[in-house]
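Here is a short briefing on one protein model. Please keep the sequence and the 3D view open while reading.

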Amino acid sequence: MRSKLIYWLVYSGMWLFSALPFRVLYMLSDLNYLLMYRVGKYRRKVVRGNLLRSFPEKTDAERLQIEREFYRYLSDYMLEDLKLLHMSAEELCERMTYKNTEQYLELTEKYGGIIVMIPHYANYEWLIGMGAIMKPGDVPVQVYKPLRDKYLDELFKRIRSRFGGYNIPKHSTAREIIKLKHDGKKMVVGLITDQWPSGYDKYWTTFLGQETAFLNGAERIAKMMNFPVFYCELSKNRRGYCEAEFKLMTETPKETREGEITEMFAHRLEQTIRKEPAYWLWSHKRWKMTREEADRLEEKELNKKKE
């Protein structure tokens, strides 16, 4: 009962907050930036460590500039995400524009679906409006990690389904996609692919100059369904305006080597980050452990299960 009450209080507060015009939200974002960066110092140690490991060739002053720009972006992102509760589909499409949609739609029709690999970059949450560029009846699928609190989980599902998105929890991805396919639905499956993989399914590569583990679920689903794979190139044009360009990585995933698709994603993401580094989510604990540490931990857990 307590969680349910919290849910409705939080939802009501967020909904009222999201009704504020953008110019007011950005004034509040400027204040939030000062509180988060200067006063609270939110995850500053994590951000600085990530930037140092990723850009050792830059000067301290250059990394500090990226750091400050990142926190300004993060503050904007938080409020822009809340704004989704009140934005119309028309306003969202004005602020998030799409490129290369012809090939995107053509291959969705030809193969019955495509995979879009998405990074934590710019305002990636605004991609939930991509259903507006799809054909009527086609399904924009969003794979997400459920939250522990069922009411807060319901809140974020409500936000992400406002524009016709079909939410699938990550542990049910394959089953739900196969079900949609059997029902004759054509789909676009969007997967965030650059967070630390918590399970055993990891693909290791060199990324931003260091050994990095990537989720390989998108690659496995693409091969299972024989869906073409696109990289979602995100960029910020200016405050409150973003662009998404869908770049084909492979039309024939089953013909690629093991790990090749994930490697392509990592390579393209690194190019995106190096071009405009401030707009990636540096506050994530992206490099939790080395490959050796991860292998030792997995071996230990496997031995426990055998016992």
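**Strand β2 and its surroundings**

β2 and β5 pair in the parallel sense, with 6 bridges between them. The model is predicted. The points below cover β2, helix α9 with its flanking asparagines, two cysteines and a pocket.

**Pairing of β2**

- Within the β2–β5 pair, I115 has V189 of β5 as its bridge partner.
- β2 also pairs with β8, again in the parallel sense, here over 3 bridges.
- In that pair, M117 is bridged to Y231 of β8.

**Burial of β2**

- β2 is largely enclosed by the rest of the structure, because 6 of its 6 residues are buried.
- In a regular strand, side chains alternate between the two faces of the sheet.
- On one side of β2, G113, I115 and M117 are buried.
- On the other side, I114, V116 and I118 are buried, so both faces are covered.

**Helix α9**

- α9 spans residues 217-225 and is mostly covered, with 7 of its 9 residues buried.
- Those buried residues are G217, A218, E219, I221, A222, K223 and M225.
- Charged side chains are in this buried set too: E219 and K223 are both listed.
- What do the buried residues of α9 pack against? Their strand partners are β2 (113-118), β5 (187-192), β7 (210-215) and β8 (229-238). Their helix partners are α8 (173-182) and α10 (260-275).

**The asparagines flanking α9**

- N216 sits in the loop between β7 and α9.
- Is N216 buried or exposed? N216 is buried, because its relative accessible area of 13% falls under the 20% cut-off.
- Leaving aside residues up to four places away in sequence, N216 touches D201, K202, Y203 and T262.
- N226 follows α9 and has a positive phi, near 55°.
- N226 belongs to the loop between α9 and β8.
- N226 counts as partly exposed, because its relative accessibility is 27%.
- With the same sequence neighbours left out, N226 touches Y111, P253 and K254.
- N226 and K236 are 10 residues apart along the chain, and 32 Å separates their C-alpha atoms.

**Cysteines**

- A disulfide is a covalent bond between the sulfur atoms of two cysteines.
- How many disulfides does a search of the whole structure find? The search finds 0.
- C232 is in no disulfide, and the nearest cysteine sulfur, that of C242, is 10 Å away.
- C242 is likewise in no disulfide, with the sulfur of C232 as its nearest cysteine sulfur, 10 Å away.
- That separation explains why the two are not counted as a pair, because a disulfide needs sulfur atoms within 2.5 Å.
- C232 counts as buried, at 0% relative accessibility.
- C242 is buried as well, with a relative accessible area of 2%.

**The second largest pocket**

- This pocket holds about 170 Å³ of space.
- Its lining consists of S29, D30, Y33, E69, R72, Y73, D76, K236, R239, A278 and Y279.
- α2 (22-39) and α4 (60-83) each supply at least two lining residues.
- Which helix gives the most to the lining? α4 does, with 4 residues.
- By class, the lining residues divide into 6 charged, 4 nonpolar and 1 polar.
- K236, named above for its separation from N226, is one of the lining residues.

Definitions and conventions
Residues are numbered from 1 along each chain as its sequence is written. This is a predicted model: local features need pLDDT of at least 70, side-chain atom pairs count only at pLDDT 80 or more; totals for chains, interfaces and linings use all residues. Side-chain values use heavy atoms; hydrogens and water are left out. Buried means under 20% relative accessible area, exposed over 50%, partly exposed in between (1.4 Å probe, protein chains only). Contact means heavy atoms within 4.5 Å. On a 1 Å grid over the protein atoms alone, a cavity is a set of points where a 1.4 Å probe fits but cannot get out, and a pocket is an open set with protein on both sides within 12 Å along at least five of seven lines; lining residues have an atom within 4 Å of a point. Grid points are joined across faces, edges and corners, and a volume is the space filled by probe spheres set on the points. Two strands pair if DSSP finds at least two bridges between them.
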